[in-house]
Amino acid sequence: MEVLNEIRFTMPALSVNESAARAVVSSFLIQADPTVEELSDIRTAVSEAVTNAVVHGYRRSRGNIEMTVKLLPGREVYIRIKDRGCGIEDVDKAMQPLFTTAPEEERSGLGFSVMESFMDRLSVKSAVGKGTTVVMRRRLGGDEG
Amino acid sequence: MKVDIKCENGRAVAKLSGEIDHHTSKEIRTQLDRYIITAQPSELTIDLRNITFMDSSGIGLIMGRSKLLRECGGRLEVHSPQPYIRRVLRLAGMERIVRIT
């Protein structure tokens with residue numbers, strides 16, 4: 001995979017870092033001059049993935065979340081969000097709209113639906129006891145410059 | 001994040017400002033629930049015009065307050081979401097649960 005630019009950011013899985021992750025991805029992508037709507041979509045998808053790691057991945061443990069953002073040729077944005085938490089037993093079930101294991105926290109179960117809707121591609125790989133990796137891609141409009 | 005609740009002409013309006021995510025929604029939920037349980041308004045409007053970011057945590061927040069208000073005999077409305085936040089609300093089918101103006 002040819003990479004034009006890349007940033008890696010590691011943060012403790014604390015809810016206060018959800019906004020930090022959004023700020024990092026916004027700052028990095030400014031160089032690609034995305035539209036307001038594109039940046040809003042990507043920020044929202046990142047927020048959902050990081051929140052999933054905080055709420056579900058590290059529900060009973062502490063650890064870090066690793067975020068990698070790459071700018072690829074053809075104005076494509078690649079984002080990987082990885083945790084080494086408890087993992088997801090059934091990824092297909094977890095990705096169903098409105099499915100949540102945290103109703104007491106008023107989680108709507110729409111995190112993966114938002115990621116799917118706001119990004120072009122989404123893949124989720126998970127292993128129980130090892131963690132979850134979410135990869136999302138979104139092609140930006142406009143010229144390559 | 002700021003929550004400003006005022007009762008005007010018998011209608012309660014909660015003006016929210018800042019960002020709504022999993023982290024901030026806990027404090028907003030606490031403040032709104034305290035008001036709903038204490039004042040038991042017949043109508044509560046959540047004004048989102050000054051919300052600059054909202055993810056699906058905001059959906060859980062709105063659904064939960066709508067449920068609590070119904071249990072208290074009241075009704076929830078959502079007012080003036082920015083176009084991008086309206087998309088998040090639409091994706092969740094919120095227009096079937098609360099009135100969005």
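These are my notebook entries on a predicted model with chains A and B.

**Entry 1. Contact between the chains**

I looked first at where the two chains meet. The contact draws 21 residues from chain A and 17 residues from chain B. On the chain A side, I asked which elements give two or more residues. I found α1 (17-29), α2 (36-57) and α4 (111-118) of chain A. Of these, α2(A) supplies the largest share, 9 residues. I then sorted the chain A side by residue class and obtained 5 nonpolar, 10 polar and 6 charged residues.

**Entry 2. Strands of chain A**

I next followed the strand pairing in chain A. Strand β1 (residues 5-12) of chain A runs antiparallel to strand β2 (residues 64-72) of chain A, with 8 bridges between them. As one register point I noted Glu6(A), whose bridge partner in β2(A) is Lys70(A).

β2(A) also pairs with strand β3 (residues 76-83) of chain A, again in the antiparallel sense and over 8 bridges. Here I recorded Ile65(A), which is bridged to Asp83(A) in β3(A). I checked the connection as well: β2(A) and β3(A) make a hairpin with 3 residues between them. Gly74(A), in that turn, has a positive phi of about 80°.

**Entry 3. Helix α3 of chain B**

I turned to helix α3 (residues 83-91) of chain B and asked which of its residues are buried. They are Ile85(B), Val88(B) and Leu89(B). These buried residues lie on the same side of α3(B), because they cover an arc of only 100° around the axis. On the other side of α3(B), I found Pro83(B) and Arg90(B) exposed.

What do the buried residues of α3(B) pack against? I traced their packing to elements of both chains: α2 and α4 of chain A, and β3 (43-54), α2 (56-71) and β5 (99-100) of chain B. Following α3(B), I noted Gly93(B), which has a positive phi near 70°.

**Entry 4. The largest nonpolar core**

Last, I examined the largest nonpolar core, which has 52 residues. I asked which members touch the most others, and these are Ala45(A) and Met115(A). By element, α2(A) gives the most to this core, with 8 residues.

I then listed the contacts of Ala45(A), leaving aside its neighbours within four places in sequence. Its partners are Val114(A), Met115(A), Phe118(A), Met119(A) and Met136(A). For context, I noted that nonpolar side chains tend to be buried together in soluble globular proteins.

Methods. Residues numbered from 1 in each chain as written. Chains lettered and ligands numbered in written order. Contact = placed C-beta atoms within 7 Å. Helix = DSSP H or I, 4+ residues; strand = E, 2+ residues; numbered from the N terminus. Nonpolar A, V, L, I, M, F, W, Y, C, P; charged D, E, K, R; others polar. Pairing = 2+ DSSP bridges. Buried ≥ 20, exposed ≤ 12 C-beta atoms within 10 Å, placed from the backbone. Arc of directions from axis to C-beta. Core = buried A, V, L, I, M, F, W, Y, C linked by C-beta atoms within 7 Å.
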